[in-house]
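Subject: Structure handover

Hi,

Here is the structure I promised to pass on. Please open it first, then read my notes below.

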Amino acid sequence: MRSPVRASSEPGQLARPPDFESAHFRQALSRFATGVTVVTTFAPGASKGDTHSSSFAGITASSFNTLSLQPPLVLWSLGTQARSLPLFHAGTHYVINVLAADQLELCQRFAYGQGDRFAQTPYQLGQAGLPILNGALAWFECHNRSRYEEGDHVLFVGEVERCGFTPEASGLIFHTGQFGQFAPLSERG
């Protein structure tokens, strides 16, 4: 059995106050390129088996990452002030849809759109009864395993029950406040 990993600081010791402004921190973070996802779950009052688009909620998120291969775990985060937080916090399942480079419009619809975001969005229902967006680069159907509030966000850990991917597509990338797509360095001239 492995012994627990201990933090390098003494118990009870706090981090030093940051020596930078929030805007500087955001600019530094923007230098890390991320993929873009749309996370879907059930809307208020909906239940498994509802197939109407108004039965679902979804948000754009770029805070997605792998956590573990055994068991298969992923994580993502959502701000504590997000209106959709109670839906994701209380739900048993969600689907993380990794967007392809040609899905910028979907990214914007789920980030800024009003009304029924699924009305004009083609999707299939997964085994949990939640939308898997057509054309997604990859998707992960997750059990809502655990949630941790840290700072101004909640970290969601999802245990992946099913997943799929499109082999020959490029992903939508977000970097320094702009969208783009990946191209291998060998293809650049």
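Start with Pro-71, which is in the loop between E4 and E5. The peptide bond that leads into Pro-71 from Gln-70 is cis, with omega near 0 degrees. Keep in mind throughout that this is a predicted model.

**Overall picture**

The protein chain has 3 helices and 12 strands. It has 189 residues, and buried residues make up 37% of them. Take the contacts in the chain with a separation of 6 or more: residues 24 or more positions apart account for 65% of these. The chain exposes about 12,400 Å². Carbon and sulfur atoms supply 54% of that area.

**The sheet**

What is the strand order in the open sheet of 7 strands? Reading across, the order is E3-E2-E6-E9-E10-E5-E4, and the pairing is antiparallel. The edges are strand E3 (56-61) and strand E4 (65-68), each pairing on one side only. From one strand to the next, the twist averages 35 degrees.

Helix H3 (residues 104-112) packs on this sheet. The helix touches strand E2 (37-42) and E3. The direction of H3 makes about 110 degrees with that of E3.

Now look at E3 itself. It is an edge strand, yet 5 of its 6 residues are buried, so E3 is largely enclosed by the rest of the structure. E2 and E3 run antiparallel and are joined by 6 bridges. Within this pair, Val-39 stands opposite Ile-59 in E3.

Strand E9 (residues 138-150) and strand E10 (residues 153-165) are also worth tracing. They pair in the antiparallel sense over 12 bridges. Ala-138 faces Phe-165 of E10 across this pairing.

**Salt bridges**

How many salt bridges are there? The count comes to 4.

One ties E9 to E10. Arg-145 bridges to Glu-159, with the closest N and O atoms 3.0 Å apart. Arg-145 lies in strand E9 and Glu-159 in strand E10, so the pair ties together parts that are 14 residues apart in sequence. Arg-145 is partly exposed, because its relative accessibility is 41%. Glu-159 is partly exposed too, with a relative accessible area of 28%.

Another salt bridge joins Glu-161 and Arg-162, where the closest N and O atoms are 3.4 Å apart. Glu-161 counts as partly exposed at 39% relative accessibility. Arg-162 is partly exposed, with a relative accessible area of 23%. Salt bridges that share partners bring Glu-141, Glu-161 and Arg-162 into one network.

Helix H3 has a salt bridge as well. Glu-105 pairs with Arg-109, and their closest N and O atoms are 2.7 Å apart. Both residues lie in H3, 4 residues apart, which is about one turn of the helix. Are these partners buried or partly exposed? Glu-105 is partly exposed, with a relative accessible area of 44%. Arg-109 has 17% relative accessibility, so it counts as buried. The cut-off for buried is under 20%.

**Loops**

Thr-80 is in the loop between strand E5 (73-79) and helix H2 (85-90). Which residue has its C-alpha atom 5.6 Å from that of Thr-80? That residue is Asp-152, 72 residues apart from Thr-80 along the chain. Leaving aside neighbours within four places in sequence, Thr-80 is in contact with Leu-85, Glu-149, Gly-151, Asp-152, His-153 and Val-154. At 24% relative accessibility, Thr-80 counts as partly exposed.

Check Thr-176 too. It is in the loop between strand E11 (172-175) and strand E12 (178-181). Its phi is near 45 degrees, a positive value in a residue other than glycine. Thr-176 is partly exposed, with a relative accessible area of 32%.

**Surface**

Last, a nonpolar patch. Phe-20, Phe-25 and Leu-29 form it on the surface, with about 280 Å² of accessible area together. Phe-20 is found in the segment before helix H1 (22-29). With 35% relative accessibility, Phe-20 counts as partly exposed.

Best wishes

Key. Residues numbered from 1 in each chain as written. Predicted model: local features only at pLDDT ≥ 70, side-chain atom pairs only at ≥ 80, totals over all residues. Heavy atoms only, no water. Pairing = 2+ DSSP bridges. Helix = DSSP H or I, 4+ residues; strand = E, 2+ residues; numbered from the N terminus. Axes fitted to C-alpha atoms, helices over the stretch in contact; angles between N-to-C directions. Contact = heavy atoms within 4.5 Å. Patch = residues over 30% accessible without salt bridge, like charges linked within 9 Å, V, L, I, M, F, W, Y side chains within 5 Å. Areas by Shrake-Rupley, 256 points an atom, 1.4 Å probe, with all protein chains shown as cover. Salt bridge = Lys/Arg side-chain N within 4 Å of Asp/Glu carboxyl O. Buried < 20%, exposed > 50% of the residue type's maximum accessible area, 1.4 Å probe, protein only.
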